[in-house]
Amino acid sequence: KISLFWFRRDLRLEDNTGLYYAYSQEKNVLPLFIFDREILDKLDDKKDARVEFIHSQILKLGESLKEFGSSILVKYGKPIEIYRELLGEYDIQNVYTNRDYEPYAKERDQAIKDLLKEKGIQFLDFKDQVIFEKEEIVNGSGEFYKVFTPYSKVWLEKFSKASIQLLNLDPKKNNFYQTSPLPVPALEEMGFEKSDIQIPPLEIDKPLIQKYDSQRNFPGIKGTSRLGIHLRFGTISVRKLALEASKLNDTFLNELIWREFYMMILHHNPQVTDQAFKPKYDHIPWRTDEGDFEKWCEGMTGYPIVDAGMRELNATGFMHNRVRMIVASFLTKHLLIDWRWGEAYFAKKLLDFELSSNNGGWQWAAGTGTDAQPYFRVFNPESQTEKFDKDLRYIKKWVPEFGKPDYPKPMVDHKFARERAIETYKTALNT
Ligand code: FAD
């Protein structure tokens, strides 16, 4: 008999909760990864750097498991079908995994849990991708928080009391299933190719985190960690990072709380993936101007800070947080284009794409989300530039033709756009 540990967005051996428990409680643990066609078939860019990143991490996991005389079983297909096959191929004791809070993942896991239950196999899932999940941070009446600040206060209190232990595998007790290396399908066999995009390195840069407060808002310097993709795919343990952060910098820790806040919001409000968190805001008559949207996507709006951001995103799969806020505000307020269009574009391009944070960030910018900010606050791209890219370092890097005749004129006048946005929101919210 074997037990499976199913890797999903936790691609590491170190401090991996579900893996730790599988390894501590079972004999013959066989790690499993499924390249999920329900997800992969929807990606139209076959050079998707995230798929390549996952693939390279699976190869690395296979190498590390060799030291335990084991390997990783890698499948390509639809998870429920793969599980039906596995039930025929192996005599399975239990299945271990870490929880995922996205609507698709919850549905998928429930279906698999039901399938396994019919065969008397347990599906054991663990909290791993967050410090606090689901109903762990609630208000006095047991309800989830809709606003960040009180949530973060309770989060911090609880965190300071929790004695977090990192869970590492005991190499003396080898409970992995012993097998020679198992094959891993090549990227090409799954219809993907290598991309030209570089993945930010996996490192906790302590000096950078110490200076985070004073540097994080300036896109022209490397003032943020670029750990997003590693948190997304679990190549870093959030517990390890949060413990480090709590010794180094409160503002950085606060950003990790934002990440958990949005995951909690998505868990309790799965409808936000296509609806405004504040339902009234779905009355806004968005402009469906594909030409304008295209200019935004390509970084050809004539607003240099917006264009720099979009070009950085298109070239590297990353965009600085300050600029994410500016370009998202520009799309939703200046162009009055539906936040869902922008959200979908980011989802395709961001290496660190995280459904909950992306949705939260977009709804924040559009004013439709959890934030209590009034809708008439419209970012002014010029004053944002003045504050955060005064020496134009960032703009010059990404928009080299800025100031020359071939750079486009602003596609919309700021004052006009601001008034149009306020008027449109006001009318929609009063209906
Ligand atoms: P750092 O500043 O070094 O922060 C460390 C980590 O904290 C990040 O990697 C991230 O996991 C978390 N974090 C930081 N800021 C936030 C935040 N505001 N909300 C939630 N988590 C945060 N973040 C994503 O991880 N994925 C997304 O798809 C995403 N989309 C966004 C879309 C918009 C419109 C906006 C305004 C923000 C979005 N963010 C998203 C949040 C933030 O911009 C990124 O997390 C951050 O820029 C990633 O860079 P970093 O890893 O250097 O972050």
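## Ligand shell

A residue counts as near a molecule or strand if its C-beta atom, placed from the backbone, lies within 6 Å of it. In this predicted model, 26 residues surround the ligand, and Thr224, Ser225, Asn321, Asn358 and Gly361 come nearest. The shell holds 12 nonpolar, seven polar and seven charged residues. Here Ala, Val, Leu, Ile, Met, Phe, Trp, Tyr, Cys and Pro are nonpolar; Asp, Glu, Lys and Arg are charged; the others, Gly among them, are polar.

Four helices, α9 (228-233), α11 (250-268), α14 (321-334) and α16 (355-366), each give at least two residues to this shell. The ligand lies between domain 2 (130-166 + 205-268) and domain 3 (273-429), because both supply shell residues. The domain bounds come from an automatic or database domain assignment.

## Overall fold

The protein has 19 helices and five strands. These are DSSP runs, numbered from the N terminus: helices are H or I, at least four residues, and strands are E, at least two. The C-alpha trace spans about 70 × 50 × 45 Å along its principal axes.

UniProt, in an unreviewed entry, places "domain: Photolyase/cryptochrome alpha/beta" at residues 1-131. UniProt positions follow the numbering used here, feature names are shortened, and annotations may be inferred rather than shown by experiment. Residues 1-131 are 44% helix and 24% strand. Their end C-alpha atoms lie 33 Å apart.

## Confidence and numbering

The average pLDDT (the predictor's confidence in each residue, from 0 to 100) is 97, and 100% of the residues score at least 70. The model scores ipTM 0.99 and pTM 0.98.

Residues are numbered from 1 along each chain as its sequence is written. Local features need pLDDT of at least 70, side-chain atom pairs count only at pLDDT 80 or more, and totals for chains, interfaces and linings use all residues.
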